[in-house]
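Trainee: Please pick a single part of this model and go through it closely. I would like the cut-offs behind each term as well.

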Amino acid sequence: MTDMATDIRERPGAAALDLDAVRAAFPVMADTMSGRPIVFLDSGASSQKPEAVIAAHAEFYRHDYANIHRGVYELSQRASDAFDAARRKVQTFLGAAEWREIVFTRNTTEAINLVAWSFLEPKLQPGDEILLTTMEHHSNIVPWQIVAMRHGAKVVSVPITDAGELDMDALRSMIGPRTKMLACSWVSNVLGTVNPVAEIVQIAHGHGVPVLVDAAQAVQHVAVDVASLDADFLAFSAHKIYGPSGVGVLYGKREHLEAMPPWQGGGGIVDRVEFEKTTFGEIPFRFEAGTPDIAGVHATGVALDWFGGLGIDAVAAHEADLMAQGLRALHQIPGLHVLGAPACRTGAISFTVNGLHPSDIGAMLDLDGIAIRSGHHCAQPLHRRFGLEGSARASFGVYNTNSDVEALAESLRRIVRKYG
Ligand code: PMP
């Protein structure tokens, strides 16, 4: 079993990130916002893109673009080869046994919908339960609710502690014969909590319950190996890991994908079509109806290569340093409250300030050239758990520096002095 805790802590011997080179790789880092150098602390919503990815995307359209898996001419072959190569890169990145276990979607949301409709919906009976957690993003709540409603099934959520960690005793007591699926985020997009997903998978499998891991906030921060994780499904979006928007990934165990019907009809997924009956093609193509984002998938492969070149240990060590500095600084600001205090945390710090609406905090930081997110971050149940409607969130990427974190803290100190 992977020890998730070590994934985000400084490991002795991890090669340090060459931060100047990393920043130089992102054209936007040289830009300004509100007339100030950009301090981008909203990578949890979507990351910025390195030049390697931007150039690969543009170059693909210039010289390698045609529709895939259809043409016999050379250009189409080249485009098809690039698309197929990207799938293998995702397979390697995730540690999946086969490329056929990798399905391209538009984003994490679509990947979860695919599993909800194709894997779970045909099995659901009245009284069945889908076990989620209180810290889920709406994308990992609403698709399950929609299929549950059609069958008299329901979603139930594992509570979290005041520290923002999953109540594992509650999870153990809530899972049972009625549970047909467990879906859980690996890393919370609000609290940054790193959930013990390998342990959760083990518990669920002990009850014969399949697990989907929402890795939208995980793959860019922690080491991933689906083989040792043993999850049945795992989803992530390219746009949060320095790749383009419009491409998502669903990993699914072959035995599940083979047994699942298509969830969207169209070209590219069929074997033989007659008006009386259609037979469907092999996995993963059975789940990829219509023309995909060909250039985007290619650029996703380039993004994973680029990210892999940094080394996950170096990334994790750097981001752990930013997190420690951020927590230290924010905790010292009077009237500022950080949400949760999980022992294992990465990527995001959410907070409120007495007397200030999160949107006002966001707008005032914008004037200082600092980009953060404010609102409910598509996690309303989580905010309600803390008696809130929303919060402000600073989230980190590989390009952030200690100066970025200090700029945030300095602005917040000033805002609190003036308005808090
Ligand atoms: N799950 C989590 C934990 C997320 O943070 C997000 C994006 N904020 C999603 C799912 C949905 O991702 P996307 O919008 O790319 O489908």
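Mentor: What follows is a look at the interface between the two domains. First, the ground rules: residues are numbered from 1 along each chain as its sequence is written, and side-chain values use heavy atoms, with hydrogens and water left out. This is a predicted model, in which local features need pLDDT of at least 70 and side-chain atom pairs count only at pLDDT 80 or more, while totals for chains, interfaces and linings use all residues.

The protein is split into domain 1, made of 4–50 + 311–415, and domain 2, made of 54–308; these bounds come from an automatic or database domain assignment. Between the C-alpha centres of domain 1 and domain 2 there are 26 Å. At the interface, 39 residues of domain 2 are in contact (heavy atoms within 4.5 Å) with 47 residues of domain 1.

The size of an interface is often given as the accessible area lost when the parts come together. For domain 1 and domain 2 the buried area is about 3300 Å², meaning the accessible area (1.4 Å probe) that the two parts lose on being put together, summed over both. Carbon and sulfur atoms give 59% of that area.

As for the polar side, 27 residue pairs are in polar contact across the interface of domain 1 and domain 2, both residues being at pLDDT 80 or more. Such a contact is a pair of N or O atoms within 3.5 Å; within protein, one must be able to donate a hydrogen and the other to accept it, and residues adjacent in sequence count only if both atoms are side-chain atoms.

The salt bridge count between domain 1 and domain 2 is 1, the rule being a side-chain nitrogen of Lys or Arg within 4 Å of a carboxyl oxygen of Asp or Glu. R385 and D162 form a salt bridge, with 2.7 Å between their closest N and O atoms.
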